[in-house]
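Here is a friendly walk through one fold, from its sheet to its cores. Please keep the sequence and the model open as you read.

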Amino acid sequence: MNTQTKMAIVAIIVVIPLTSLVVYGTDTNQQFTNSDNSKLQVISSFNPLYEFSQIVGQDKIDATLLVPVGVEPHDWEPTIKDVQEMQKSDIIVINGIGFENWVDDLIENNYSGIIVDTSNGIDIIQSEEQHNEEQHNEHDDLLGDPHIWLNPVYAKIQVQNIATAFSNSDAKNSQFYHKNAEEYNKKLDLLDLKIQKELSECSRDFIAFHDAFSYFADEYNLNQHTILTTTNSHGEVTAKTLENVISKARELNIKVIFSEETVNTKTSQIIANEIGGKVLVLSPLEIVSNDNYITKMTQNLENLKEALC
Ligand SMILES: [Zn+2]
């Protein structure tokens, strides 16, 4: 490296922190004087994306969660008031892959902000039930399986997509958004390694409630079986389905049947009783919880270990 290059690098290193200080200083003042106008107005469609948006944006954004507490996002539709709120926002963060079935209407109604599709750059798994005539419902029209957030490796891409979108809309805080995303993604890397390591010696087959863990199963070389064959947690459980799941559980010597926080523990319990096993929760993280993403994923890991290891 010649002296000139060295000088240039030193100059860059010195200049960047000074500029950053000036930018942050100005920002702090703005927050006191014109409060919310200086912040990005960000609406996130459901809980994990709301958490990721807050982690990336922190005090530089006003974050709002769209789907109310206790509501399962698969079937949720916005009210007129929700749509009005959305129209006022700068950014709407969505999962994509058809998970937000209201988003086309919003675009048709000339939404002027930015819609961030966090599935950008992710390899989408096609849902199997699309071609299954017997279980036809409106969700069969989805293009693919939306449950990407349950794979921490994909959650990292979602976090990165959020940081890029915030940076594009608010360039002066670009470094701030990217730094927050990088720091959080390091934690997701640790989570990913932990899941990989702790499940590596265990058996592979598990029975989830609805078809939410395909991306997770692919990442960690597990085989997901489900009580509901749909990617929607509101599907019907028939006697025939129960029979099939029970024989599958017997065949694979499975002793834990998974359920979710909100739905049909009864169904899982019937199966568990039948095979002399028990019910544990495997959360798809779809509804609002007091626990954060990493805590919930770690709880899922603990329950999977109890089932598989
Ligand atoms: Zn789901």
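## The parallel sheet

Valine 42 has isoleucine 91 as its bridge partner in β3. Helices (H or I, at least four residues) and strands (E, at least two) are DSSP runs, numbered from the N terminus. This is a predicted model, in which local features need pLDDT of at least 70 and side-chain atom pairs count only at pLDDT 80 or more, while totals for chains, interfaces and linings use all residues. Residues are numbered from 1 along each chain as its sequence is written, and side-chain values use heavy atoms, with hydrogens and water left out.

Strand β1 (residues 40-44) pairs with β3 in the parallel sense over three bridges; two strands pair if DSSP finds at least two bridges between them. Serine 44 stands opposite valine 93 in β3. On to the next strand: β3 and strand β4 (residues 114-117) are also parallel, with four bridges, and isoleucine 92 has isoleucine 115 as its bridge partner in β4. Between β3 and β4 the chain passes through helix α4 (residues 103-108), and this β-α-β crossover is right-handed (with the strands pointing away from the viewer, the path from the first strand over the helix to the second runs clockwise).

## Order, edges and faces

The order of this open sheet of four strands is β2-β1-β3-β4, with parallel pairing. β2 (61-65) and β4 stand at the edges with a single partner strand each, so one side of each has no neighbour in the sheet. Neighbouring strands are turned by 20 degrees against each other on average, direction ignored; axes are lines fitted to C-alpha atoms, for helices over the stretch in contact, and angles run from 0 to 180 degrees between N-to-C directions.

Helix α5 (residues 152-169) packs on the sheet, touching β1, β2, β3 and β4, and its direction makes about 170 degrees with that of β3. Contact here means heavy atoms within 4.5 Å. Both faces of strand β3 (residues 91-94) are covered: Ile91 and Val93 are buried on one side, Ile92 and Ile94 on the other. Buried means under 20% relative accessible area, exposed over 50%, partly exposed in between (1.4 Å probe, protein chains only).

## An enclosed helix

Why is helix α2 (residues 47-57) largely enclosed by the rest of the structure? Eight of its 11 residues are buried, namely Asn47, Pro48, Leu49, Glu51, Phe52, Ser53, Val56 and Gly57. These buried residues pack against β1, β2, β3, α5, α6 and α10 (293-308).

Asparagine 47, for one, has a relative accessible area of 13%. Leaving out residues up to four places away in sequence, asparagine 47 touches Leu65, Ile287, Val288 and Ser289. After α2 comes glutamine 58, whose phi is positive, near 45 degrees.

## Nonpolar cores

In soluble globular proteins, nonpolar side chains tend to be buried together. The largest nonpolar core (buried Ala, Val, Leu, Ile, Met, Phe, Trp, Tyr and Cys residues joined through side-chain atoms within 4.5 Å) has 62 residues, of which Trp102, Phe166, Phe206 and Tyr293 touch the most other members. Helix α6 (residues 174-199) gives the largest share of this core, eight residues.

A second, separate core of 14 residues includes Leu228, Ile246, Ile254 and Ile275. Phenylalanine 206 has contacts that include Phe213, Ile254 and Leu308.
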